[in-house]
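Colleague: I would like to go through this model with you. Could we take the burial first and then move on to the chains and their contact?

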Amino acid sequence: MRSDRVIRFVLFLVALSAIAALTLITLFIFRAGLPLIIEVGPAKFLFGRTWSPTQGQFGIWPMVVGSVWVTLGALLIGVPLGLAVAIFATEFAPPFAATILRPAVQLLAGIPSVIYGFIGLVILVPLIRESLGGPGLSILAGSVILGIMILPNVISISEDAIRAVPRSYRDGALALGATQWQTIWGVVLPAARSGIIASIVLGMGRAVGETMAVIMVVGNALALPMSVLDSATTLTSNIGLEMGYATGKHREALFATGVVLFLLIMVLNAATSFLVRRRSQGGIGR
Amino acid sequence: MTRVRVSPKVTQSMAKGLIWAATIVTVGVLLFIVIYTLARGMSHVNWTLLTAEPADMGRSGGILPTIVGTVVLAMFGVVIAAPFGVGTAVYLVEYTREGWLTRVIRFGVDALAGIPSIVYGLFGFVFFVLTLGLGWSVASGALTLAIMILPTIVRTAEEALRAVPDSYREVSLSLGAHKWEMIATVALPAALPGIVTGIILGIGRCVGETAAVILTAGSSLRMPTSLFSPARTMSVHFFILAREGISDEMAWATGAVLVVSILLVNVVINWLVARLIRRRVAR
């Protein structure tokens, strides 16, 4: 029937909207940021140590380092905690706990990032300043807050991966006399490995990309951080802070930072889909 | 060198204890965040706060324009994103087989899901605000948010449609329905709770978003009067009040209203999901 064919075509166009949006985003971010990267020189832009936009100095290395530290810190806190909760939910949880846990994790994902940031600022920052020294506004504060913020990603994806491990694997291990923990550690987790890694990469993406919460707790210092108690700036927080008033070359440099961020996320995305595809194609999981 | 062998039974109980502890810490952190925000803010939440215009940069008065800004941005964001998101899902599930085309579409959706909100903000600013000349406005903000939540809606709608048993489709088609009639009268209604869940998740993301909104909708404290006037959402208001040290009380009051809204959104989602599961079990 003709109208069916029309609808099919319309839906085909609609289905292209995501890839069209992605193309537009890529195009416009690169058009606004790439010229400056070329002008400054990619190496000088990426590895330059001075960010002084009013003097024409555009080096983002301190922010790259800040982003890397904060993200690694977030993973160090969020991954073990999140993985433990995922194991709890799939292997240990009594029914009442499982029914509480799912909405709780959802809620954790729904709380606006600015609230995480402000609670970090009023609770965590003074705590770090008084007990560990330094300014308090620090990489450590950013790591803890981001570590909490990536929990929902880590928990939900690794929980799915662990659930997807066939019952027979567990039964086999238990029948051989393994304890429940030996079964989990030796059989279930290795079988769910690629899904768990995907959840970590996803959490990494979220940590790299988070802006507002980070602005509130890392101190936004432009010097190269030397310890986790130092203040720092990240790629995202610098854009968020300076976009409000930047003009001309300065604004271009912020878009150029956006280009770096965009490329970084694309690499992480590619890694995730590679892992997910490998999982669905078989491998150790099935 | 001799390795001390710990009995598997001991390891088992240690691991179990640690995992329980981690879970309790996680839930504890969540409870702390919610309770702390409400405790700091609820005492300042009253009728005036919800219905008055702000005064003195937000130091006193109410937050009505930011509530309106939040509702309007989230609403338009979802109204724009939902047809595209659900349409994409219908195309993926009902009209194609897996192949290079679905791979391209999925690549687009996955990539959009990973892009940080600040990059959406940059894009919305250079594209909607500057290139299309929409300025800092409800329109720019809503369009940016719509692209941002598109992946969420596509994925949930796709999952919901895939969960509809093929027998439903076969019955409808065998009774002489055209493909589209089958989709509109059978597949979509059956998948509706899941689709609505995705839409509400999208609303939640719009409400909580700050970075992308501040760069595209601006941060004007005036009541938005048209699609082309700037607006400030509650999250942006909270951020500005807190970060610039304008007023902690008003910040927490705004935060409390935000958290209560998010709680409500979550209750609705869970209610819908529970209904969906009950229906599936009943089958």
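Modeller: Certainly. A residue counts as buried if 20 or more other C-beta atoms lie within 10 Å of its own. Please keep in mind that this is a predicted model.

Colleague: Then why is Leu145(B) classed as buried?

Modeller: Leu145(B) has 31 other C-beta atoms within 10 Å, and therefore it is buried.

Colleague: Where does Leu145(B) sit, and which residues does Leu145(B) touch?

Modeller: Leu145(B) belongs to helix 6 of chain B. Leaving out residues up to four places away in sequence, Leu145(B) touches Leu73(B), Gly77(B), Cys206(B), Glu209(B) and Ala212(B).

Colleague: How far apart in space are Leu145(B) and Pro8(B)?

Modeller: Their C-alpha atoms are 51 Å apart, and 137 residues separate the two in sequence.

Colleague: Turning to the nonpolar core, how many residues has the largest one?

Modeller: The largest nonpolar core has 181 residues. Those with the most contacts inside it are Ile29(A), Ala141(A), Ile145(A), Val217(A), Leu122(B) and Leu150(B). Helix 6 of chain B, residues 138–162, provides the largest share of this core, with 15 residues.

Colleague: Which residues does Ile29(A) touch?

Modeller: Not counting residues up to four places away in sequence, Ile29(A) touches Phe255(A), Gly258(A), Val259(A) and Phe262(A) in chain A, along with Val119(B), Leu122(B) and Phe123(B) in chain B.

Colleague: How many residues does each chain put into the contact between A and B?

Modeller: Chain A contributes 63 residues and chain B contributes 67 residues. On the side of chain A that touches chain B, helix 2 of chain A (residues 17–40) gives the most, with 10 residues. That side of chain A divides into 45 nonpolar, 16 polar and 2 charged residues.

Colleague: Now the helices of chain A. How many residues of helix 7 are buried?

Modeller: In helix 7 of chain A, residues 139–149, 11 of its 11 residues are buried. Among them are Ala141(A) and Ile145(A), which also appear in the list of residues with the most contacts inside the largest nonpolar core.

Colleague: What do the buried residues of helix 7 of chain A pack against?

Modeller: Within chain A, they pack against helix 4, helix 6 (113–132), helix 8, helix 11 and helix 12 (212–217). Helix 1 of chain B is also one of their packing partners.

Colleague: And which residues are buried in helix 10 of chain A?

Modeller: The buried residues in helix 10 of chain A are Trp181(A), Thr183(A), Ile184(A), Val188(A) and Ala191(A). They cover an arc of only 135° around the axis, so they lie on the same side of helix 10 of chain A. Their packing partners are helix 4 (61–92), helix 8 (151–163), helix 9 (167–175) and helix 11 (193–209) of chain A, together with helix 1 (8–41) of chain B.

Colleague: What span should helix 10 of chain A have, and how far apart are its end C-alpha atoms?

Modeller: The 12 residues of helix 10 of chain A (residues 180–191) should span 16 Å at 1.5 Å a residue. The end C-alpha atoms are 15 Å apart, which agrees with that expectation.

Colleague: Why is helix 13 of chain A described as largely enclosed?

Modeller: Helix 13 of chain A (residues 235–242) is largely enclosed by the rest of the structure because 6 of its 8 residues are buried. These are Leu235(A), Thr236(A), Ser237(A), Asn238(A), Ile239(A) and Gly240(A).

Colleague: Let us take the chains as wholes. What is the make-up of chain A?

Modeller: Chain A has 14 helices and 2 strands. Its C-alpha trace spans about 70 × 70 × 30 Å along the principal axes. Of its 286 residues, 52% count as buried.

Colleague: What about chain B?

Modeller: Chain B has 11 helices and 2 strands, and its elements run α-α-β-β-α-α-α-α-α-α-α-α-α from the N terminus on. Its C-alpha trace spans about 70 × 65 × 40 Å along the principal axes. Of its 283 residues, 48% count as buried.

Colleague: How is chain B divided into domains?

Modeller: Domain 1 of chain B covers 8–44 and domain 2 covers 47–282. Their C-alpha centres lie 29 Å apart. In the contact between them, 7 residues of domain 1 of chain B meet 7 residues of domain 2 of chain B. The domain 1 side has 3 nonpolar, 3 polar and 1 charged residues.

Definitions and conventions. Residues numbered from 1 in each chain as written. Chains lettered and ligands numbered in written order. Predicted model: local features only at pLDDT ≥ 70, side-chain atom pairs only at ≥ 80, totals over all residues. Contact = placed C-beta atoms within 7 Å. Helix = DSSP H or I, 4+ residues; strand = E, 2+ residues; numbered from the N terminus. Nonpolar A, V, L, I, M, F, W, Y, C, P; charged D, E, K, R; others polar. Domains from an automatic or database assignment. Expected span 1.5 Å × (residues − 1). Buried ≥ 20, exposed ≤ 12 C-beta atoms within 10 Å, placed from the backbone. Arc of directions from axis to C-beta. Core = buried A, V, L, I, M, F, W, Y, C linked by C-beta atoms within 7 Å.
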